[in-house]
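Open the model in your viewer and keep the sequence panel beside it. The tour moves from the whole chain to the sheet, then to the helices and a few single residues.

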Amino acid sequence: MTPGSVREPQEVSVVAGSLESTAAEVEKRGRRALPVAMDLLDRSSIDAMVDTVLGEWGRIDAVVNNAIYQGAGRMDRVLDLDPDDALKMVLGNYVHQLHLIQLVVPGMLEQGGGRIVNLSSATATMDPPAPAGEGGWGLGYGASKAAFLRVAGQLHVEFADRGVLAFNVDPGFTTNDKPSDAQFSARFRGAPPEVAAAVIAWLCASDDATEYAGTLVHSQGLCKRLQLLEGWPP
C-alpha cells in the first residue's frame, strides 16, 4: 500500500458446504449447530474439537469421517509423488481420523452405543481406469483411503457387541463443481451429494442399519434400493 492509501473492505463470501453455511442450513431446519474448525494435519486441533463438542453437548452419538487431506500430491502419478506429500495424505486420511475415533469410542461405550461412518472411495479398492489427469487418480490418495478402509471392520469386530456400530460408505462418483468432473463423468455414472447424505443419515439413525455394520456400503445402490431420497434416481 502507498502512504495514505486506504484498503477497501473485502467482501466476505460464505462458501457452500463451509462451516458457516452448513450451520446456517441446520439451524434453518430447526436444529442446533456447533461449527468447530479442525485441521486434519494438526492432532491438537482434533483434541480441541472433541473437547469443545463434549463441553457444549456432553456426548457424541455419531461421527461421520468425511473430510480428506486437500493438499499437494492427490493427483500425482507414481514417479511424481513426493514422499512428504504421501505422508501427509496418510496422516490426514488415516492416522488422524483414527485418532478422532480413538477419542470418541470410549464415551460411546460408556453411554451404551454410538455410530461411526467412514467415507471410503473406489480409489481404495480398484485400479484407476487411466493415469491421473486422463480420467484416473493418483496413487497417494488411493493408498491413504485403502488404509482407512480397514478401520470400520476392525471396530465392528472389537465393539459391535457393545453397541458401537461402524460402517464404510463408498459414495461413488459424486457430481459437484470440480474441474475433474468432466473427465470422470465420461467413465463413471454420477449422483448428487444428497444421495450419500441420505444414506449416511439412515445409517446413523435407523435400527435396520445394523445389518450393514462392519461392511462397505455403496450409497448409490442402497439409496435406490431403500428409496431414501425422493426423486432419485430420476
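Start with contacts across the whole chain, where contact means heavy atoms within 4.5 Å. Among those between residues at least 6 apart in sequence, 67% join residues at least 24 apart. This is a predicted model: local features need pLDDT of at least 70, side-chain atom pairs count only at pLDDT 80 or more, and totals for chains, interfaces and linings use all residues. Residues are numbered from 1 along each chain as its sequence is written, and side-chain values use heavy atoms, with hydrogens and water left out.

**The whole chain**

Colour by secondary structure. Seven helices and four strands appear. Helices (H or I, at least four residues) and strands (E, at least two) are DSSP runs, numbered from the N terminus. Along the sequence the pattern reads α-α-β-α-β-α-β-α-α-β-α.

Switch on the surface. Its accessible area is about 13800 Å², and carbon and sulfur atoms hold 53% of that. Areas come from the Shrake-Rupley method with a 1.4 Å probe; for residues, only the protein chains shown count as cover. Of the 234 residues, 36% count as buried. Buried means under 20% relative accessible area, exposed over 50%, and partly exposed in between (1.4 Å probe, protein chains only).

**The sheet**

Now select the strands. In what order do the four strands of the open sheet stand? The order is S1-S2-S3-S4, with parallel pairing. S1 and S4 are at the edges with a single partner strand each, so one side of each lacks a neighbour in the sheet. From one strand to the next, the twist averages 25°. Two strands pair if DSSP finds at least two bridges between them.

Step through the pairs:

- S1 and S2 run parallel, joined by four bridges. Asn 65 has Asn 118 in S2 as its bridge partner.
- S2 and S3 run parallel, joined by six bridges. Leu 119 stands opposite Val 169 in S3.
- S3 and S4 run parallel, joined by three bridges. Asn 168 has Leu 216 in S4 as its bridge partner.

Next, show side chains. In a regular strand the side chains alternate between the two faces of the sheet. On S1 (62–65), Val 63 and Asn 65 form the covered face, while Ala 62 and Val 64 form the uncovered one. Move to S3 (164–170). How many of the seven residues of S3 are buried? Seven of seven are buried. One side carries Val 164, Ala 166, Asn 168 and Asp 170, the other Leu 165, Phe 167 and Val 169, and both faces are covered.

**Helices on the sheet**

Add H3 (83–111). H3 lies across S1, S2 and S3 and runs at about 170° to S1. Then add H6, residues 193–205, which packs on the sheet and touches S1, S2, S3 and S4; its direction makes about 155° with that of S2. Axes are lines fitted to C-alpha atoms, for helices over the stretch in contact, and angles run from 0 to 180 degrees between N-to-C directions.

**Helix H4**

Select residues 139–159. At 1.5 Å a residue, the 21 residues of H4 should span 30 Å, and the end C-alpha atoms are 32 Å apart, which agrees. The expected span is 1.5 Å times one less than the number of residues.

Pick out the buried residues of H4, among them Tyr 141, Phe 148, Leu 149, Val 151, Leu 155 and Phe 159. Their cover includes S1, H3, S2, S3 and S4.

Zoom in on Ser 144, in H4. Ser 144 is buried, at a relative accessible area of 0%. Leaving out residues up to four places away in sequence, Ser 144 touches Met 89, Val 90, Asn 93 and Tyr 94.

**Helix H7 and the end of the chain**

Go to Gln 220, in H7 (residues 219–226). Gln 220 is buried, with a relative accessible area of 18%. Which backbone oxygens lie 3.0 Å and 3.3 Å from a polar atom of its side chain? The oxygen of Pro 171 lies at 3.0 Å, and that of Phe 173 at 3.3 Å. A polar contact is a pair of N or O atoms within 3.5 Å; within protein, one must be able to donate a hydrogen and the other to accept it, and residues adjacent in sequence count only if both atoms are side-chain atoms.

Move into the segment after H7 and select Gln 227. Its phi is near 55°, a positive value in a residue other than glycine. Gln 227 is exposed, with a relative accessible area of 68%.

Finish at Pro 233, also in the segment after H7. A cis peptide bond joins Trp 232 to Pro 233, with omega about 0°.
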